[in-house]
Amino acid sequence: MAGLKRILSGMRPSGKLHLGNYTGALENWVKNQEKFQNFHLVADWHVLTTAPEQTAHIWEDTIEMVIDWLAVGIDPEKSVIFVQSHVKEHAELFLLLSMLVTVPRLQRNPTVKEQIRELHLEDRVSFGHLGYPVLQAADILIYRAHYVPVGEDQVPHIELTREIARRFNTLYGKVFPEPQPMLTVFSRLPGLDASKMSKSQGNTILLSDDPETIQKKVRTAVTDPQKIRMGDPGHPEICTVFTYHKKFNAAEVSEIEKNCKKGVLGCVACKKNLADKLARYLAPFREKRAELEKDRKMIRDIIEDGNTRARKEAQETMRAVREAMKIGRMPDV
Ligand code: ATP
Ligand code: MG
C-alpha cells in the first residue's frame, strides 16, 4: 500500500449507521479502498463534545458502528480501522494546533453554530466542543491525509484543517499536505421528515433495518405536500421518497418521475415500491451483519490491529512535527 495517497475519514461512535452515513461517506470509503490507503477512525473523544456524561455506551456503539463498516464492505486488511482515544498522539497534535487558530475563527464555523443552535447550547458550549474541529484537523493531519470523504456538513471543517496545515507549514516548515474533501452525489441525504437525515433527529432509516421496519418507516416519509389525492400531479424534485428512488432504485426512476408528474402514480404505491427496493438493496449488508455479530472478539481484534497500524503512522508524523517545531524532543549534543 506504500506510495498510495491517503484517505482519513471517521465517524463518532453512535451505534448503528443510517442511509445518510452510507450515501454521504461510507459508500465512498468502500469505493476508494483500491485506489487509496484508507484510515478509518472511530472518533470517540468527539462524543464528549455533546455528551460528556454518557461514556458508558461508547464501546458498544463502537462495535456496532464497526460492524456496519465491515458489513458494507470495508476490508480491514486494506483499510486501517482504529479508535481515536487509543492513539494518544492525536491529543498532542491537537494541543499544538490549537495554538494556531483564533477563537473568533472557531465561533464562525457554520456547522458548529448550527449544532449549538439545535442543541440550545448558546451560553453553555464547552471549550472542547468549540474546539472539536481542531481535534478533527489533528485527526486528519496526523495521517498526512490527502482526501477526506465526508458529507456536506463536514466541508467547513476540512477548510479549517487546510488553513491550520498552511499556517503550520509556514511557521515551521512543510510537514502536512492540505487535504481536500471528497464528496458524493448524495452528500446531504434527507431524512424521513425531509430535513437532513441525522441520528440525533430520529428521522433515519438504518442500514440494519429489516424489511418490515423499512416499510413502516417509508410510509411515514414526507412527500410533495401539494399531492393529496392519487390524481394530483406531483413534484418529484421536492419529494424525499423520490430522492431515495434516485439513489436506491435507479432503474425505475425516469418512469416514476413521469407517472408522478402525470398524477397516475399515487404516493402509497410509490412508497411501497421504494421500501421493497430499499430492503433488497440493504439485504446483503444485513446478511453480512448477522454473520459479523456472532463474532465480537474478531471485531475487537480488527480494532486492536488497526490501533497498532495507526499508532505507527501517528508516531512517525509526531516525530516530524517535534523536529519541525523544535519542541518535545531532546536536541542532539
Ligand atoms: P449526529 O446527528 O450525531 O451529528 P449524523 O447522523 O449527522 O450524527 P455523523 O456521525 O455526524 O452522523 O456523520 C458521519 C458521516 O456521515 C459524516 O461524514 C457525515 O458528513 C455523513 N453524514 C451524516 N448525515 C448525512 C446525510 N444525511 N447525508 C449525507 N452524509 C451524511
Ligand atoms: Mg452529524
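**Close-up 1. The residues around ligand 1 in this predicted model.** Here we look at the 20 residues that surround ligand 1, among which H18, G151, D153, L189 and S200 come nearest. Sorted by class, this shell holds nine polar, six nonpolar and five charged residues. Helix α1, spanning residues 19-31, is the element that gives the most to the shell, supplying four residues.

**Close-up 2. Backbone atoms that meet ligand 1.** Three spots are worth finding in this view. At G20, a polar backbone atom sits 3.1 Å from a nitrogen atom of ligand 1. A nitrogen atom of ligand 1 also lies 2.9 Å from a backbone N or O atom of M197. At K199, the partner on the ligand is an oxygen atom, 2.8 Å from a backbone N or O atom of the residue. As for the ligand's surface, ligand 1 taken alone exposes 600 Å², and the protein buries 92% of that.

**Close-up 3. The two domains and where they touch.** The domain assignment divides the protein into domain 1, made of residues 6-189 + 296-325, and domain 2, covering 209-290. Their C-alpha centres are 33 Å apart. To the contact, domain 1 brings 13 residues and domain 2 brings eleven.

**Close-up 4. The area buried between domain 1 and domain 2.** Together the two domains bury about 1,100 Å² between them, with 69% of it on carbon and sulfur atoms. On the domain 1 side, keep an eye on L19, A71 and F186: these residues lose the most area to domain 2, together accounting for 45% of what that side buries.

How values were computed
Residues are numbered from 1 along each chain as its sequence is written. Chains are lettered from A and ligands numbered from 1 in the order in which they are written. This is a predicted model: local features need pLDDT of at least 70, side-chain atom pairs count only at pLDDT 80 or more; totals for chains, interfaces and linings use all residues. Side-chain values use heavy atoms; hydrogens and water are left out. A residue is near a molecule or strand if one of its heavy atoms lies within 4 Å of it. A polar contact is a pair of N or O atoms within 3.5 Å; within protein, one must be able to donate a hydrogen and the other to accept it, and residues adjacent in sequence count only if both atoms are side-chain atoms. Accessible areas come from the Shrake-Rupley method with a 1.4 Å probe; for residues, only the protein chains shown count as cover. Helices (H or I, at least four residues) and strands (E, at least two) are DSSP runs, numbered from the N terminus. Ala, Val, Leu, Ile, Met, Phe, Trp, Tyr, Cys and Pro count as nonpolar, Asp, Glu, Lys and Arg as charged, and the others, Gly among them, as polar. Domain bounds come from an automatic or database domain assignment. Contact means heavy atoms within 4.5 Å. Buried area is the accessible area (1.4 Å probe) that two parts lose on being put together, summed over both.
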